[in-house]
Amino acid sequence: MIETSQGEVYVEEYGPNGGRPVLLVHGSVGWSRFWFETTDALAEAGYRAIAFDLSPMGFSERDKDGDYSRGKQAARILALTDAMRISPVLVAHSFGAGPAAEAVMLSQDSFDAFVIVDGAIGVGSHEAEKTLPLPLRSPALREVGVSLTVTNPWALKPLLRLFLHRKEAATQEYLDVLSVPFTVAGTTPAIADWLPTLLVPPTDALSTRRDSYATISLPVGIIWGAEDTATPLTQGEELNALIPSSKLKVLDDVGHIPQIEDPALFQEALLDLLQGF
């Protein structure tokens, strides 16, 4: 646990302390150890791989006010880099890419480079008003929904398979890893507090505005599964067109979670980007 200005953050580190730091941001309902094959590959290549839990997922301290807005999540990322005194390559997957992009736009000097992996960022989503479905406006009903799906061990496999092109990648090993933090007291209500940020796009975030991407001067890499149905490849292509000097790597025959659908292919793409930054 690392003490930051935004609360305690759970971190797992791999590789040499003197290696180039790579900070890994997981997607929704993930946590730091879901990167375990990627962190091993990075460490073996000499990088300092740092995976952390973005609250309320995993073991990091939960927000006492239940604030998991994109801006607040970006502040948590920046607080961690400040507390660890690092300027890392930021690698963010899926829903984690929104707060990561927001952090980059708020403080580019805090990072060395940026890699987006099948990012669920919602560029342009602020332009259309969206509200929570009526049943989910009740915190109690959201808790029931989360307990029946996200934190229900029996529902975890079909839920994971929804995001995969290679369905066989939903192995028991990955399911066991994903479910570890569900034993932490208060997980279900905390995820219920977070759920609206998944379902309703932010209206005040820089990262949903197309013009903001032209301001990014960092080296940027984009890795995307060609068969992603959760965030289709067209979204990665749009980001690549918006960001100056970005590089898009499309991975064939994988979907939304390439780091578990084809770990070797993903690691090759990531290491190639890192070596080119």
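Select Arg-85 in this predicted model: Arg-85 follows helix 2 and has a positive phi, near 55°.

Step back into helix 2, residues 70–84. At 1.5 Å a residue, its 15 residues should span 21 Å, and the end C-alpha atoms are 21 Å apart, so the two values agree. Colour by burial next: Arg-70, Gln-73, Ala-74, Arg-76, Ile-77, Leu-78, Ala-79, Leu-80, Thr-81 and Met-84 are buried in this helix. As background for reading that list, an α-helix has 3.6 residues a turn, so residues three or four places apart point the same way.

Now turn to the aromatic rings, which form seven pairs in the structure. Select Tyr-10 and Trp-31 for a tilted pair, with 6.4 Å from centre to centre and 35° between the planes. Tyr-10 sits in the loop between strand 2 (7–9) and strand 3 (11–14), while Trp-31 sits in the loop between strand 4 (21–25) and helix 1 (36–44), so the pair ties together parts 21 residues apart in sequence. Tyr-10 has a relative accessible area of 18%, which means that it counts as buried, the cut-off being under 20%. Trp-31 is also buried, at 1%.

Go on to Phe-36 and Tyr-174, another tilted pair: the centres are 5.8 Å apart and the planes meet at 45°. Phe-36 belongs to helix 1 and Tyr-174 to helix 6 (residues 172–179), so this pair links parts that are 138 residues apart in sequence. Both Phe-36 and Tyr-174 are buried.

Finally, return to Tyr-10 and Trp-31 and add Phe-59 to the selection: these three residues form one aromatic cluster.

Conventions. Residues are numbered from 1 along each chain as its sequence is written. This is a predicted model: local features need pLDDT of at least 70, side-chain atom pairs count only at pLDDT 80 or more; totals for chains, interfaces and linings use all residues. Side-chain values use heavy atoms; hydrogens and water are left out. Helices (H or I, at least four residues) and strands (E, at least two) are DSSP runs, numbered from the N terminus. The expected span of a helix is 1.5 Å times one less than its number of residues. Buried means under 20% relative accessible area, exposed over 50%, partly exposed in between (1.4 Å probe, protein chains only). Rings of Phe, Tyr and Trp (its six-membered ring) pair if their centres lie within 6.5 Å; planes under 30 degrees apart count as stacked, over 60 as edge-to-face and the rest as tilted.
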